[in-house]
Amino acid sequence: MSIEENRQYWNSLTAYNEALSKMGFSAREPELTKFFSTRLNPNQRILDLGVGVGVVYKLLKNFISPTKYLGADISETMLKHCKENTNDEILLVLLTSSCLPFLENYFDVIICYSVFTHLDSPTGDSLLGEIQRVLKIGGKAYISIIEKEASGGDYKTFFIHKTGEFQKSLETRGFKIMSQTKISGEPQTLIEVEK
Ligand SMILES: C[S@@+](CC[C@H](N)C(=O)[O-])C[C@H]1O[C@@H](n2cnc3c(N)ncnc32)[C@H](O)[C@@H]1O
C-alpha cells in the first residue's frame, strides 16, 4: 500500500482492540523483549517509526530512556491510541509525507516493526532512504519484513518481499546487515543493520 492507503487503512481501525488485533502482537512479546534487551540502553536516541499503539515501547520501557524515545506514525488514529496507551510518557509525531521531519544523523536507533510489511516497493524504498538519512553513522536500524506467507494467515494487506530482495536494497543504500532473526509464531524476519 502507498502512504495514503496506509493512512486510510490504519485510521479506519477506530477501536483500540481492533487496531491491536490487526497487529497480533502477544506471541512475539517475550522474544522481542529479549532481543532488544541486549541491544538497547538509556543513552540512545530511539525512533520508533510506525509506532502504532505503542506496543514496542511497552516492551522496551524498562531498559531505555522514555525522554529519548520518539514515536512517529502516519495515522492520527494510531497515535491517539498510542498516546492513551503510553500515558503521555513519550513524544509522538504525526508524519504527513514520506519525508521524515528530523535532522540527518540524528538517531542512534530506528525501530520499524511490521511497517515495511505494509508498504509497496516505491513507498518502502523512499522510507528506507529517509531511515538512512536520519540514522547516525554507526547507528542501528531494526526493520521487520515478511518474505514468505504463513499458511492460513490473512495477508491481504501485507506486502510480501521476494527472498533476499529487501536485503539487496539495504546493501545498495550502504547498510551493513548485522543479523537476521526469524520471529517465532509469525512469518516476520527482523533485520538488524548498521549505517
Ligand atoms: C502493523 S502496525 C505496527 C505498529 C508497531 N510498529 C507494532 O509493531 O506494534 C503498522 C503501523 O505502521 C504505520 N505506518 C504505515 N505506513 C507508514 C509510513 N510510511 N510511515 C510511518 N508509519 C507508517 C501504520 O499507521 C501502523 O500504525
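How many bridges join β6 to β7, and in which sense do these strands run? Six bridges join them, and the two strands run antiparallel. The legends below take this hairpin last.

The structure is a predicted model, in which local features need pLDDT of at least 70 and side-chain atom pairs count only at pLDDT 80 or more, while totals for chains, interfaces and linings use all residues. Residues are numbered from 1 along each chain as its sequence is written.

**View 1. The shell around the ligand.** The ligand is surrounded by 22 residues, of which Trp10, Gly50, Gly52, Ser75 and Met78 are the closest. A residue is near a molecule if its C-beta atom, placed from the backbone, lies within 6 Å of it. The elements that give two or more residues to this shell are α1 (3-11) and α4 (55-60). Helices (H or I, at least four residues) and strands (E, at least two) are DSSP runs, numbered from the N terminus. With three residues, α1 gives the most to the shell. By class, the shell has 15 nonpolar, six polar and one charged residues. Ala, Val, Leu, Ile, Met, Phe, Trp, Tyr, Cys and Pro count as nonpolar, Asp, Glu, Lys and Arg as charged, and the others, Gly among them, as polar.

**View 2. The seven-stranded sheet.** The sheet is open, has mixed pairing, and follows the order β3-β2-β1-β4-β5-β7-β6. β3 (91-94) and β6 (176-182) are the edge strands; each has a single partner strand, so one side of each is left without a neighbour in the sheet. On average, neighbouring strands of this sheet are turned by 20° against each other, direction ignored. Axes are lines fitted to C-alpha atoms, for helices over the stretch in contact, and angles run from 0 to 180 degrees between N-to-C directions. Two strands pair if DSSP finds at least two bridges between them. Strands of a sheet pair through backbone hydrogen bonds, either parallel or antiparallel.

**View 3. β4 and its two partner strands.** β1 (residues 46-49) pairs with β4 (residues 107-112) in the parallel sense over three bridges. In this pair, isoleucine 46 has valine 109 of β4 as its bridge partner. The pairing of β4 with β5 is also parallel, over five bridges. Here the bridge partner of isoleucine 110 is alanine 141 in β5.

**View 4. The largest nonpolar core.** This core has 46 residues, and those with the most contacts inside it are Ile46, Ile110, Ile111, Cys112, Ile131 and Ala141. A nonpolar core is a set of buried Ala, Val, Leu, Ile, Met, Phe, Trp, Tyr and Cys residues joined through C-beta atoms within 7 Å. A residue is buried if 20 or more other C-beta atoms lie within 10 Å of its own, exposed if 12 or fewer, and partly exposed in between, with C-beta atoms placed from the backbone. Among the elements that give two or more residues to the core are β2 (69-73), α5 (76-85), α6 (121-134) and β7 (188-194). β5 gives the most, with six residues. Isoleucine 131 touches Ile110, Cys112 and Ala141, not counting residues up to four places away in sequence. Two residues are in contact if their C-beta atoms lie within 7 Å.

**View 5. Lysine 140 in β5.** Nine of the 12 residues of β5 are buried, so this strand is largely enclosed by the rest of the structure. Lysine 140 is placed in β5 and counts as buried because 22 C-beta neighbours lie inside 10 Å. Leaving aside neighbours within four places in sequence, lysine 140 is in contact with Val109, Glu192, Val193 and Glu194.

**View 6. Serine 114 after β4.** Serine 114 is found in the loop between β4 and α6. With 24 C-beta neighbours inside 10 Å, serine 114 counts as buried. The C-alpha atoms of serine 114 and leucine 49 are 9.8 Å apart, although 65 residues separate them along the chain.

**View 7. Positive phi between α5 and β3.** Asparagine 87 lies in the loop between α5 and β3, as does aspartate 88. Phi is near 50° in asparagine 87 and near 60° in aspartate 88; each is a positive value in a residue other than glycine. Asparagine 87 is exposed, with 8 other C-beta atoms within 10 Å, and aspartate 88 counts as exposed with 9.

**View 8. The hairpin of β6 and β7.** β6 is hardly covered, with zero buried residues among its seven. Threonine 181 stands opposite leucine 190 in β7. The hairpin has five residues between the strands, and glycine 185 takes a positive phi near 85° there.
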